[in-house]
Amino acid sequence: MSINFNELRDLLGAIAHTDIAEVSLKTETFELNVRRDVTTKGQTVAPIASETLAQPSSAPTIPTPPPETTPSPAEKKWVAITSPMVGTFYRAPAPDEPPFVDVGDRVSNTQTVCIIEAMKLMNEIEAEVTGELMEIAVANGEPVEYGQTLMWVNPS
């Protein structure tokens, strides 16, 4: 088993959004142990990762994901379109096609606004609210987590 930095980052990001307190991966040349303490309020302390390789090397620095942006008090009436699954966010049906929606567009409650690829399946995500698209919170091709805000819509 070989694991690259992006796969490791994705794995740690996925673990950070769960109640999993400890994970271990081990092969002949690689060992990874991740442990974290969960406080009583449901907040977590950053994961502690250790790595052992057959050849000496320094442990990789794993960036923590940036905190999710929240709207200002004046924007609280905005409605979030959230990801119903873990996967990869795509704004368009194909790389050479225009995006489903852009900031400023009017969206309807059954309109497809993006695609989430999960396990090689393309899942169309619908707006579920009618209004003006105010913000796209995720970059095209970026991994997303269950419940993560994808877009903000000002309902009207």
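Start by selecting strand S1 (residues 22-26) and strand S2 (residues 30-35), which pair in the antiparallel sense over five bridges. Two strands count as paired if DSSP finds at least two bridges between them. Strands here are DSSP runs of E of at least two residues, helices are runs of H or I of at least four, and both are numbered from the N terminus. Show Val 23 as sticks, and Val 34 in S2 stands opposite. Three residues form the hairpin connection from S1 to S2.

This is a predicted model, in which local features need pLDDT of at least 70 and side-chain atom pairs count only at pLDDT 80 or more, while totals for chains, interfaces and linings use all residues. Residues are numbered from 1 along each chain as its sequence is written, and side-chain values use heavy atoms, with hydrogens and water left out.

**Whole chain**

Zoom out and colour by secondary structure: the protein has one helix and eleven strands. The helix comes at the N-terminal end of the order, which runs α-β-β-β-β-β-β-β-β-β-β-β. Of the 156 residues, 27% are buried, meaning under 20% relative accessible area with a 1.4 Å probe and protein chains only; exposed means over 50%, and partly exposed lies in between.

Now colour by pLDDT, the predictor's confidence in each residue, from 0 to 100. The average for the protein is 78, and 70% of the residues score at least 70. Strand S3 (residues 48-53) has the lowest confidence, at a mean of 49, and S5 the highest, at 96. Residues 40-46 fall below 50 and have seven contacts in the model beyond near neighbours in sequence, a contact being heavy atoms within 4.5 Å. Residues 50-58 are also below 50, with 13 such contacts. Where pLDDT is low, the predicted coordinates should not be read in detail.

**The four-stranded sheet**

Select S8, S7, S5 and S10, which form an open sheet in the order S8-S7-S5-S10 with antiparallel pairing. Strand S8 (121-126) and strand S10 (143-144) each have a single partner strand and stand at the edges, so one side of each has no neighbour in the sheet. Next, pick strand S5 (residues 87-90), which pairs with S10 in the antiparallel sense over two bridges. The bridge partner of Gly 87 in S10 is Val 144.

**Two loops**

Go to the loop between strand S7 (112-118) and S8, where Met 119 is found. Met 119 is not a glycine, yet has a positive phi of about 55°; its relative accessibility is 81%, so Met 119 counts as exposed. In the loop between S8 and strand S9 (131-136), select Glu 128. Glu 128, also not a glycine, has a positive phi of about 65° and counts as exposed at 70% relative accessibility.

**Asn 154**

Select Asn 154, in strand S11 (residues 149-155). Asn 154 is buried, with a relative accessible area of 18%. Add Lys 77: the two residues are 77 apart in sequence, but their C-alpha atoms are 6.8 Å apart. Beyond its neighbours within four places in sequence, Asn 154 contacts Lys 77, Trp 78, Thr 130, Gly 131, Glu 132 and Met 134.
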